[in-house]
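User: Please take a close look at the aromatic rings in this structure and at the nonpolar parts around them. I am a first-year student, so go step by step.

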Amino acid sequence: TTPLQPAFLAYANTVVSSVTGNGAEVVIDFNTEKFDISNDFSSSNLFTAPITGKYMLGTNVTFTNLSSAMTACVLSVVTSNNTFEVLANSYALTNSGTNGSISLNCSCDMDIADTAQVLFKISNGAGNTANITGSSNLETYFYGKLLS
């Protein structure tokens, strides 16, 4: 009900090619903001809590160009207080090596000036050939909102 309550939605609007697959952990580049109510999401892909409270954070990452060996992935939301992770068989999430995606939602406590960012890793491949998909269709995104 408060028009200035902290909330943001940022997304990747371009494909980032060949960034993971052989275990490289990457910080997702959410280079476009759909909205950022209190200007707390930075160009360094960090959300900084403007006040102490409970926050709902969520992300979705869409990826492509996997080999059948790329069977492990980790999607993480890392805050100053905790790390939230989802582990999955990345190749099983795809349609025969084409597009796949993984999501993570968490409710977390954050103190004023605590930060949160999204990390992503695909492993077991012969090289870092997996792409992170970005477009205006919001395939790879990060959002958050103050709950209380």
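**Nonpolar surface and aromatic core**

Analyst: Leu 4 is exposed, with a relative accessible area of 63%. The model is a predicted one, and Leu 4 sits in the segment before β1, the strand of residues 7-11. Together with Phe 35 and Ile 37, Leu 4 makes a nonpolar surface patch of about 290 Å².

Now to the rings. The count of aromatic pairs comes to eight. One of them joins Phe 8 and Phe 142: the ring centres are 5.1 Å apart and the planes stand at 80 degrees, an edge-to-face arrangement. Phe 8 belongs to strand β1 and Phe 142 to strand β12 (residues 141-146), so this pair ties together parts that are 134 residues apart in sequence. Is each partner buried or exposed? Phe 8 has a relative accessibility of 1% and therefore counts as buried, since the cut-off for buried is under 20%. Phe 142 is buried as well, at 0%.

A second pair is made by Phe 47 and Tyr 55. Their ring centres lie 5.5 Å apart with the planes at 65 degrees, so this pair is edge-to-face; the angle required is over 60 degrees. Phe 47 has 2% relative accessibility and counts as buried, and Tyr 55 is buried with a value of 0%.

These two pairs belong to one group. Ring pairs link Phe 8, Phe 30, Phe 41, Phe 47, Tyr 55 and Phe 142 into a cluster.

Phe 47 deserves a separate look. Leaving out residues up to four places away in sequence, Phe 47 touches several aromatic residues, namely Phe 8, Phe 41, Tyr 55 and Phe 142. Its other contacts in that list are Asp 40, Leu 57, Met 110, Asp 114, Thr 115 and Ala 116.

The wider setting is the nonpolar core. The largest such core has 31 residues, and Phe 47 and Phe 142 are among those with the most contacts inside it, along with Ile 28, Leu 57, Met 110, Phe 120 and Ile 122. Which strands supply at least two residues of this core? They are β1, β6 (53-64), β7 (72-79), β9 (100-110), β10 (115-123), β11 (130-132) and β12. The largest share, five residues, comes from β9.

To put the two ends of this account side by side: Leu 4 is exposed at 63%, whereas Phe 8 is buried at 1%.

Technical notes. Residues numbered from 1 in each chain as written. Predicted model: local features only at pLDDT ≥ 70, side-chain atom pairs only at ≥ 80, totals over all residues. Heavy atoms only, no water. Patch = residues over 30% accessible without salt bridge, like charges linked within 9 Å, V, L, I, M, F, W, Y side chains within 5 Å. Areas by Shrake-Rupley, 256 points an atom, 1.4 Å probe, with all protein chains shown as cover. Salt bridge = Lys/Arg side-chain N within 4 Å of Asp/Glu carboxyl O. Helix = DSSP H or I, 4+ residues; strand = E, 2+ residues; numbered from the N terminus. Buried < 20%, exposed > 50% of the residue type's maximum accessible area, 1.4 Å probe, protein only. Phe/Tyr/Trp six-rings, centres within 6.5 Å; stacked < 30°, edge-to-face > 60°. Core = buried A, V, L, I, M, F, W, Y, C linked by side-chain atoms within 4.5 Å. Contact = heavy atoms within 4.5 Å.
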